[in-house]
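Please open the model in your viewer and keep the selection tool at hand. This tour proceeds by selecting one place after another.

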Amino acid sequence: MAELETRDKGKAAGLPAELRYIQYEHALEKQYLPSIRALISKDLSEPYSIYVYRYFLYQWGDLCFMALGPKSSLLGVIICKLETHQSHSPPTLRGYIAMLAVSEGWRNHGIATTLVRKAIDVMVERNADEVVLETEETNVPAMKLYERLGFIRSKKLHRYYLNGNSAYRLVLHLKKMADMAGEGLV
Ligand SMILES: CC(C)(COP(=O)(O)OP(=O)(O)OC[C@H]1O[C@@H](n2cnc3c(N)ncnc32)[C@H](O)[C@@H]1OP(=O)(O)O)[C@@H](O)C(=O)NCCC(=O)NCCS
């Protein structure tokens, strides 16, 4: 069942009635991993091997969500991980958004926004301190999407990608936001 938030309802026009979001589980690998790889590699400058997908999905399948459309076709996917980050003192529990893609014909309807929110909700349930990711500095749709969700630019990574493009590391501070909400500041 589609679970679009009130803010996204205006964007729902044109979306299939069958749109639903599901959490990945290992039993779905055979059915969906080929389309997940196809969807993500279409827009990547550096395609990943199947082992990279399995690295994420075997350990953090509950942090992967898929948007499914007509005939259960894959419209969008998010793949993440959640690990202790030792270089902070004290160590932090850091969520990482590794891959996010929405099929070209279905963009700008809030699908990626919903996928990111669902992954963050699970990270919050699992007590994450922060969520980070990297995105190409020229990727305007991705930058806009994440900044609207509260991510801030923490670092510029010069020539980060093999194609020579630079990236921004973006971070969402979950605990600081929760503290501010507790103090009535947000
Ligand atoms: C980035 C991506 C996942 C967004 O998916 P989506 O489902 O279209 O995202 P949403 O509809 O939830 O939100 C898109 C936002 O970007 C904005 N946007 C889209 N194209 C834009 C453009 N060319 N210029 C400026 N803003 C743009 C939309 O208006 C929307 O912002 P708003 O809600 O403030 O209006 C999708 O474009 C994609 O798959 N891109 C290729 C893969 C990729 O870049 N992944 C991210 C890697 S970190």
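This is a predicted model. Begin by selecting Glu-136, which is buried yet has no salt bridge. Lys-156 is the nearest side chain of opposite charge, and it is 12 Å away. A salt bridge requires the charged atoms to be within 4 Å.

What does the side chain of Glu-136 contact? Add Asn-165 to the selection: the two side chains make a polar contact at 2.6 Å. To place Glu-136 in the fold, select residues 130–136, which form strand E5.

Next, turn to the largest pocket, whose volume is about 1,200 Å³. Select Leu-100, Ala-101, Thr-135, Asn-139 and Ala-142, the residues of its lining that lie nearest its centre. In total, 38 residues line this pocket.

Now colour the elements that give two or more residues to this lining:

- helix H2 (50–60)
- strand E4 (92–102)
- helix H3 (111–125)
- strand E5
- helix H4 (140–148)

Which of these elements gives the most to the lining? The answer is E4, with seven residues. If you colour the lining of the largest pocket by residue character, you will find 22 nonpolar residues, eight polar and eight charged.

Remain with strand E4 and select Arg-94, which is found there. Is Arg-94 buried or exposed? Arg-94 counts as buried because its relative accessible area is 18%, and the limit for buried is under 20%. Finally, add Glu-130 to the selection: its side chain makes a polar contact with the side chain of Arg-94, at 2.9 Å.

Definitions and conventions: Residues numbered from 1 in each chain as written. Predicted model: local features only at pLDDT ≥ 70, side-chain atom pairs only at ≥ 80, totals over all residues. Heavy atoms only, no water. Helix = DSSP H or I, 4+ residues; strand = E, 2+ residues; numbered from the N terminus. Buried < 20%, exposed > 50% of the residue type's maximum accessible area, 1.4 Å probe, protein only. Lys, Arg positive; Asp, Glu negative; His and termini not counted. Polar contact = N/O pair within 3.5 Å; in protein donor to acceptor, adjacent residues only side chain to side chain. 1 Å grid on protein atoms, 1.4 Å probe; cavity = no way out; pocket = protein on both sides within 12 Å on 5 of 7 lines; lining within 4 Å. Points joined across faces, edges and corners; volume = space filled by probe spheres on them. Nonpolar A, V, L, I, M, F, W, Y, C, P; charged D, E, K, R; others polar.
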